[in-house]
Number of protein chains: 2
Amino acid sequence: LGADRETVLICGAGLVGSLLAIYLARMGHDVQLFERHPDPRSHPPPSGRSINLTLCDRGLAALDHVDAGRAAREISVPCKGRMIHAVDGALEFQPYTNRGHALYSIARNDLNRLLLDTAIGRGGVHCHFEKKCVEVDLAAPACTFRDTRTGEISELRARRLFGADGVHSAVRREMQKALRFDFTQKYLDQAYKELHVPPPPGGGWALAHSAIHIWPRGHYMLIGFPNIDRSFTLALHMPYDGHPSYASITSPEALLDLFRTSFPDALPLLPALVEDFFSHPETSMVTVQCSSWTYLDRVALIGDAAHGIVPSYGQGANAGFEDCAVLSTCLQQAGPGDVQGALQQYERQRKPNADAIAALSLEHFIELRELVSDPKFLLRKEIERRIYDLHPDLYMPLYAMVSFSLMPYTEALRRDRMQRGIVDEILAIPEVRDKLGSEEVRAAIAERLQACERGAVC
Amino acid sequence: LGADRETVLICGAGLVGSLLAIYLARMGHDVQLFERHPDPRSHPPPSGRSINLTLCDRGLAALDHVDAGRAAREISVPCKGRMIHAVDGALEFQPYTNRGHALYSIARNDLNRLLLDTAIGRGGVHCHFEKKCVEVDLAAPACTFRDTRTGEISELRARRLFGADGVHSAVRREMQKALRFDFTQKYLDQAYKELHVPPPPGGGWALAHSAIHIWPRGHYMLIGFPNIDRSFTLALHMPYDGHPSYASITSPEALLDLFRTSFPDALPLLPALVEDFFSHPETSMVTVQCSSWTYLDRVALIGDAAHGIVPSYGQGANAGFEDCAVLSTCLQQAGPGDVQGALQQYERQRKPNADAIAALSLEHFIELRELVSDPKFLLRKEIERRIYDLHPDLYMPLYAMVSFSLMPYTEALRRDRMQRGIVDEILAIPEVRDKLGSEEVRAAIAERLQACERGAVC
């Protein structure tokens, strides 16, 4: 792309497509943004599909880079840790770090509206809604769209095409047909349904608002995100089969039974529980991996279209935003003469990171459901926080590396595997635990890490 | 399906679709068979796309079951082993077994014509060619077709729909969009091109005709199949990149150089080598795995549409034919009242076998290219043949289990893993090798196998 003005077609005006439009318009291009859904600025999302998300450091950095971070923070609720709800109603607050780091809980639709307003307001971006992409010509590149209201067919040919059209990407489907394209999609045997906790009529919040709330119950769980209108969105995660599951909870009575026994403290906060549960769709969770993401100097996939991950780590949008920043840097560094090289460089940088966060997200899903209330897990987390507190130069827990640093996901994964062995040792030897913070233990940790770096077995 | 006459729609009139039509018509159904290519009985295949295949016992058994095996054997060339070509022109014949087992080399197009003639000749099957499936409605079930000559659109609704439409199946693509569908496609970094060895003008064959010919050269190879017209079809397997590769062999001179140094004895047999190589397409090789293959009592995938495998083991058509036989048995056993149960039973039986042959085919690809000329590999094969010869009740080599038995692929894989350890031991101890055939060694082998069956580590 570089300095010469080009017409760029982006399929998908969701979070990643909108942010990419901002990045590319800043580079001087004429951006044509197509979306099959109605304009979210005039149409509320369908009920049960609001889908909260949490922005972390890497997503915010990509927004800040185009001066959109401040506005995003203003419509978010910062959460400094997890509030764990036991069955008996006991609460335990687990801070993410001891350094005040926060995730920013935000409604997907609010963030999407903000990004579209920003893109259009700054100029250079033209949005076309309710245009479903029905055909993709990779070689041109060009897309054919059908207007979902009028049925009218239109075609747009451009200099480049970016597929930001989500986990079921039409652009990717064409690449899957046409090219030697490795592709995997794998579903979890679980899904979630959204439930609404309204703000209390007298003001304030129904639950502590500076936390993500979790009710871990083994193979099912409830998880709650604060919204800026003082409501909460809860997601009930359950398997498709077994008990409890979408197959077993088929009557209001069965649903209320489940909440009375498993989530008694949440029940009074959910006046529309039965209606929400039986009218909202189940949202499935899928991991999508593919290669190659690019076609010559013409087409590239970005965001969920390139790498769909399960939502447990809250990294879907953050990873997609990082894609935008990296792609933009690659294009600027290569200049207009080597766009193909820039696209390849973008994939080379992002694909291993996308694979790493896909694996970490699957791991974290199990951890959230099963381990968050396990005393051994909690002790481990506490020791990790203490080591991080005492020796931040040596050690950063995985969650902090993923959410509160800009370290590549691959590096976070690699460092975590080294660090695990060290925490195992500390956990195994009470005398060491008691001496945490001493020069002696610090030296032992440093030595152990150096040995790992040299390639010794950890 | 069962006793009641139903309209059944089959997408794809390739090998598996045609055979399935024969099976379903025999059960009394009205079979509507749609194919996007022209009728192969009046149109020869495009040059370089003849694609030979080898029928083995399991494919022939599925043909025999509907009285089509004899006619298939009549247009095949039986091959009793592999002829290995060394660079210096030395030949070594490796029989598949010492019991005269043969693979039947046959042109895909000839077999397809035979199956279509059989299906149509016996009645109950209606074929529609040059109809491309452009839309699939799984719930109806129904397909929309576009005539590839006239552009005319037509729709057919049926009681059941079978997707026999190959590795890039349109029916499967709809299931991938609509359902919670696990899917993987993974390409090899190699492809092959077909080359033609004409029959010698004076009669006879250019190469020994009762063998599959292999020129193993590490990461590339040549492999040749006899045709009933006394020609041979050779497939040149090479990587996309590196040397030699499709990227490096870009001139007639480079191609001739490769043949002069690597395949000198094949060169004089290939008068159209340069023309064939530069005009024929590269055929990529892909493994496709997915689940679920079925949708309610309405839709099922079969053959490559359900399980694409790389061609090295020659099992693609054979596995697809076995699918037809198993599906037919499941439908007959369940009866018209439980078609959904029958389809599920078909998938339960076939999916693990499809996964097993996918893994074995990838393994065998490496073996063919790299190991066939390795002396240790050859010694191993010889010992396996001897044990099989001496103790056929105890031991059957993997190749024989896959190609010359009707044992499920999963069972072949399981038994092979047990047997490997035993051959390792025999290879390691020369005294045992020398006593092969003695009661003592027989007892030791039997005991070892029993220990494996009991779950001991092999």
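Contact here means heavy atoms within 4.5 Å. I'm working from a predicted model, so everything below is computed, with that cut-off deciding who touches whom.

**Entry 1: the interface**

I started by counting who touches whom. I get 16 residues of chain B in contact with 16 residues of chain A. Next I looked up the buried area, since the size of an interface is often given as the accessible area lost when the parts come together. Between chain B and chain A that area is about 1,500 Å², and carbon and sulfur atoms give 43% of it.

**Entry 2: symmetry**

How well does chain B lie on chain A? I find an RMSD of 0.1 Å, after a turn of 180 degrees and a shift of 0.0 Å along the axis. The two copies are thus related as by a two-fold rotation axis. I then went looking for what sits by that axis in chain B: the nearest C-alpha belongs to Thr184(B), 2.1 Å away from the axis. I also checked whether each copy uses its own patch or a shared one, and the same surface serves both, with 100% of the contact residues of chain B recurring in chain A.

**Entry 3: polar links across**

I count 2 salt bridges between chain B and chain A. One I noted down is Asp182(B) with Lys186(A), where the closest N and O atoms are 3.5 Å apart. For polar contacts, the rule picks out 12 residue pairs across the interface, both partners at pLDDT 80 or more.

Which elements supply the chain B side? Helix H5 (170–178) and strand S13 (182–197) of chain B are the ones that give two or more residues to it. S13(B) gives the most, with 8 residues. Sorting that side by class, I get 6 nonpolar, 4 polar and 6 charged residues.

**Entry 4: strand to strand**

S13 turned up again when I followed the pairing between chains. Strand S13 (residues 182–197) of chain A pairs with S13(B) in the antiparallel sense, over 3 bridges. I looked up the partner of Thr184(A) in S13(B), and it is Thr184(B). That Thr184(B) is the residue I had logged for the C-alpha nearest the axis in chain B.

**Entry 5: a sheet inside chain B**

Leaving the interface, I traced an open sheet of 6 strands in chain B, ordered S8-S2-S1-S12-S19-S18 with mixed pairing. Its edges are strand S8 (125–128) and strand S18 (294–295), each pairing on one side only. I picked one pair to follow: strand S1 (residues 7–11) and strand S12 (residues 160–163) of chain B run parallel and are joined by 4 bridges. Within S12(B), Val8(B) has Arg160(B) as its bridge partner.

Conventions. Residues are numbered from 1 along each chain as its sequence is written. Chains are lettered from A and ligands numbered from 1 in the order in which they are written. This is a predicted model: local features need pLDDT of at least 70, side-chain atom pairs count only at pLDDT 80 or more; totals for chains, interfaces and linings use all residues. Side-chain values use heavy atoms; hydrogens and water are left out. Copies are superposed by least squares on the C-alpha atoms of residues with pLDDT of at least 70 in both. Buried area is the accessible area (1.4 Å probe) that two parts lose on being put together, summed over both. A salt bridge is a side-chain nitrogen of Lys or Arg within 4 Å of a carboxyl oxygen of Asp or Glu. A polar contact is a pair of N or O atoms within 3.5 Å; within protein, one must be able to donate a hydrogen and the other to accept it, and residues adjacent in sequence count only if both atoms are side-chain atoms. Ala, Val, Leu, Ile, Met, Phe, Trp, Tyr, Cys and Pro count as nonpolar, Asp, Glu, Lys and Arg as charged, and the others, Gly among them, as polar. Two strands pair if DSSP finds at least two bridges between them.
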